[in-house]
Amino acid sequence: LAIGPSALITILNLLSARMALTSVGLLTVALCLQSAMPSTVQRHNVHTLPPGRASRACWRNGRCLRTLPRGLRALGGASSSVDEQGGGTVAGASFDWWGHWYPMSPLQDLPRDRPTRLTLLGVDFAIWWDSVHEQWRCFRDACPHRLAPLSEGRLEGGNLQCAYHGWEFGGDGACERIPQLPTDAALPLGKACAVAYPTQEVQGLLWIFPTPDASAAAAAAPPARIPELDVAGHVDTTQAFVRDVPYSWDTLVENLVDPSHVPFAHHGIILKRAAAEPLPIRVRDLGVEGWTAVQEPPPKNGSWDLQWSPPCMLYYKIQRPKVFVGIGSYCVPTAPGRARLITRFPFRFPSPAIAWLLRLQPRWLNHMGQNLVMDSDVVFLHLQERKLRASEDATRWRKSFYMPAEADRGVAAFRTWLQRHGGGAPAWGPAAAREVSAKELPSEAPRRELLDRFAQHTAVCASCRRTFRRLDSAVPALCSLAFLLLMAAAAGPHRWAPTLALVAGLSALASAAVWRLRQGLLFREWPTRKWRRG
């Protein structure tokens, strides 16, 4: 990685209009990934032949060994290589899905004047700010009275008040007031209380522990932190991006452990197709608490590795001389067929001035670039997982996927971990578990819904939501201004007519530019013509 030119390009992109399409963090990641690719590796074409037309020596497990790279013939492809490195199909220690902390939202996106509904493992939670004890609270989103959602309530005197009958609950879940009882009546205990869950604030995110009355267990299981975010000199280039994706948690994780898709799915955004090269990956230490993947042989002038820390965190660490790139992704299992992605990319640059300039970038502008990346693979991921789930076999991924390349070892390692330690899928709550057993996934969504940036991101991001409201008001204001100025210029010959007409034209152009920005927070069609032709 050439530090000087790369830093200069990063600064220029930050200050240019191109930042409306892609984020500076992703551009820098592209440079690091491109430099990490091996430069001289023989390419191999994959072909399949009927077994009757090839000798047995050329086939193994129904796959033609003639089409595999020599180093993979002994391994039998990506899946078998994981088995030999510590993964496999034999059940091991079970992962406790309800015994870990989950990041739910950036703190800056949570309103303090009203409760918010968030979903985890198929269970709805009501998140609210306790002004008395000055901390975030988490209740099960059901009033004990008649199961009305507490997230539809309001905050009253430091309590959470149910919108249906006005029952009020303190920060610990205790019922503080029942308006339907006499004022001197003793309040019932036990069943009248809301179900409360542990919360904590770590690295700018709100975390919840989805088991009530589990303070000791919560204290014994610390959240999965990104170490570099606690070290001075690192800057989060994504500024805590969030998107609720219309596909399952396992599909999201599988996509993120696969760096070889980037030059194709994200062509022209992060890398270009011409940059694609074989990527030798080796998986280490696969166990109930996750695994690590490294590139072997390592890239020149640096190193990179990937750490999977269940249930949520994927963390790439790319080290170059004087530059560190961290790519942190929290994958939150919200409901069957749904997941939430929270990204944190800690970068360290050789000059503090570069980090200072990055912090000047508006958060909403950064997120428009992140949304473009998410748009470019959301449709086919939504459709792909429905094809995978067409089979009821617990090992369907091994029978459905054909993964001859070493670049697929991260996918095989994750699927092996999920099957061996995770029970094959997240441990959904009772209501969601019934939905999974009956239907498995929601019905296929229309394309417009899959690419709905407003519902998936803008509505849950404070910066983008605020910017959208401002842009939404600016468009009619600028149009009205352009119309009035044009009418004034056409009212009669006077010396200000040319100036008024010019300002009217500029106002119209500004209105069009603002409208385009507004649309970038709502919806963008994908793929574009440029992507198809390029």
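Start by selecting glutamate 449: at 39% relative accessibility, this residue counts as partly exposed. You are looking at a predicted model, by the way. Now add arginine 338 to the selection. The side chains of glutamate 449 and arginine 338 meet in a salt bridge, 3.7 Å from N to O. Arginine 338 is partly exposed too, at 34% relative accessibility. Colour the two elements involved and you'll see that the pair links distant parts of the chain: glutamate 449 belongs to helix H13 (residues 447-450) and arginine 338 to strand S21, with their positions 111 residues apart.

**Next stop: the other end of S21**

Stay on strand S21, which covers residues 338-344, and select arginine 344. Which aspartate does the side chain of arginine 344 meet in a salt bridge? The partner is aspartate 236, at 2.7 Å from N to O. Aspartate 236 sits in strand S14 (residues 234-236), so to speak a long walk along the chain: the two residues are 108 apart. Turn on a surface and check both partners. Arginine 344 is buried, with a relative accessible area of 11%, and aspartate 236 is buried as well, at 13%.

**Along to S15**

From S14, step into the loop that leads to S15 and pick alanine 240, which lies between those two strands. Its backbone is worth a look. Alanine 240 has a phi near 55 degrees, a positive value in a residue other than glycine. For context, most residues other than glycine have a negative phi. Alanine 240 is buried, at 4% relative accessibility.

Now select arginine 243 and aspartate 375. Their side chains meet in a salt bridge of 2.9 Å, N to O. Here again the pair links distant parts of the chain: arginine 243 is in strand S15 (residues 241-245), aspartate 375 is in helix H9 (residues 363-388), and they are 132 residues apart. Are these partners buried or exposed? Arginine 243 is buried, at 0% relative accessibility, and aspartate 375 is buried at 1%.

**Helices H6 and H9**

Keep H9 on screen and add helix H6, residues 249-256. The two helices pack with their axes 10 Å apart, at an angle of about 125 degrees. That angle makes H6 oblique to H9. The crossing is right-handed.

Colour H6 by accessibility next. H6 is mostly covered, with seven of its eight residues buried. The buried residues are Trp249, Asp250, Thr251, Leu252, Val253, Glu254 and Asn255.

While you are here, ask the viewer for charged contacts. In total, the structure holds 20 salt bridges. As background, side chains of opposite charge can pair when their charged atoms come close.

**Two cis prolines**

Time for some backbone spotting. Go to proline 297, in the loop between strand S17 (290-295) and strand S18 (303-309). The peptide bond from glutamate 296 to proline 297 is cis, with omega near 0 degrees. Then jump to proline 527, in the loop between helix H16 (497-520) and helix H17 (529-533). A cis peptide bond joins tryptophan 526 to proline 527, with omega about 5 degrees. For comparison, most peptide bonds are trans.

**One more positive phi**

Select leucine 147, in the loop between strand S6 (135-140) and strand S7 (154-156). Leucine 147 is not a glycine, yet has a positive phi of about 65 degrees. Leucine 147 is exposed, with a relative accessible area of 63%, whereas alanine 240 back in the S14 to S15 loop is buried.

**Last stop: a nonpolar patch**

Finish on helix H15, residues 462-490, by selecting methionine 487. Methionine 487 is partly exposed, at 42% relative accessibility. Which residues form a nonpolar patch on the surface with Met487? Add Phe483, Leu484 and Leu486 and you have the whole patch, with about 420 Å² of accessible area together.

Notes: Residues are numbered from 1 along each chain as its sequence is written. This is a predicted model: local features need pLDDT of at least 70, side-chain atom pairs count only at pLDDT 80 or more; totals for chains, interfaces and linings use all residues. Side-chain values use heavy atoms; hydrogens and water are left out. Patches are made of residues with over 30% relative accessible area and no salt bridge: like charges are joined within 9 Å, nonpolar side chains (Val, Leu, Ile, Met, Phe, Trp, Tyr) within 5 Å. Accessible areas come from the Shrake-Rupley method with a 1.4 Å probe; for residues, only the protein chains shown count as cover. A salt bridge is a side-chain nitrogen of Lys or Arg within 4 Å of a carboxyl oxygen of Asp or Glu. Helices (H or I, at least four residues) and strands (E, at least two) are DSSP runs, numbered from the N terminus. Buried means under 20% relative accessible area, exposed over 50%, partly exposed in between (1.4 Å probe, protein chains only). Axes are lines fitted to C-alpha atoms, for helices over the stretch in contact, and angles run from 0 to 180 degrees between N-to-C directions. Angles under 35 degrees count as roughly parallel, over 145 as roughly antiparallel, 65 to 115 as roughly perpendicular and the rest as oblique. A crossing is left-handed if the near helix is turned anticlockwise from the far one by less than a right angle, and right-handed if clockwise.
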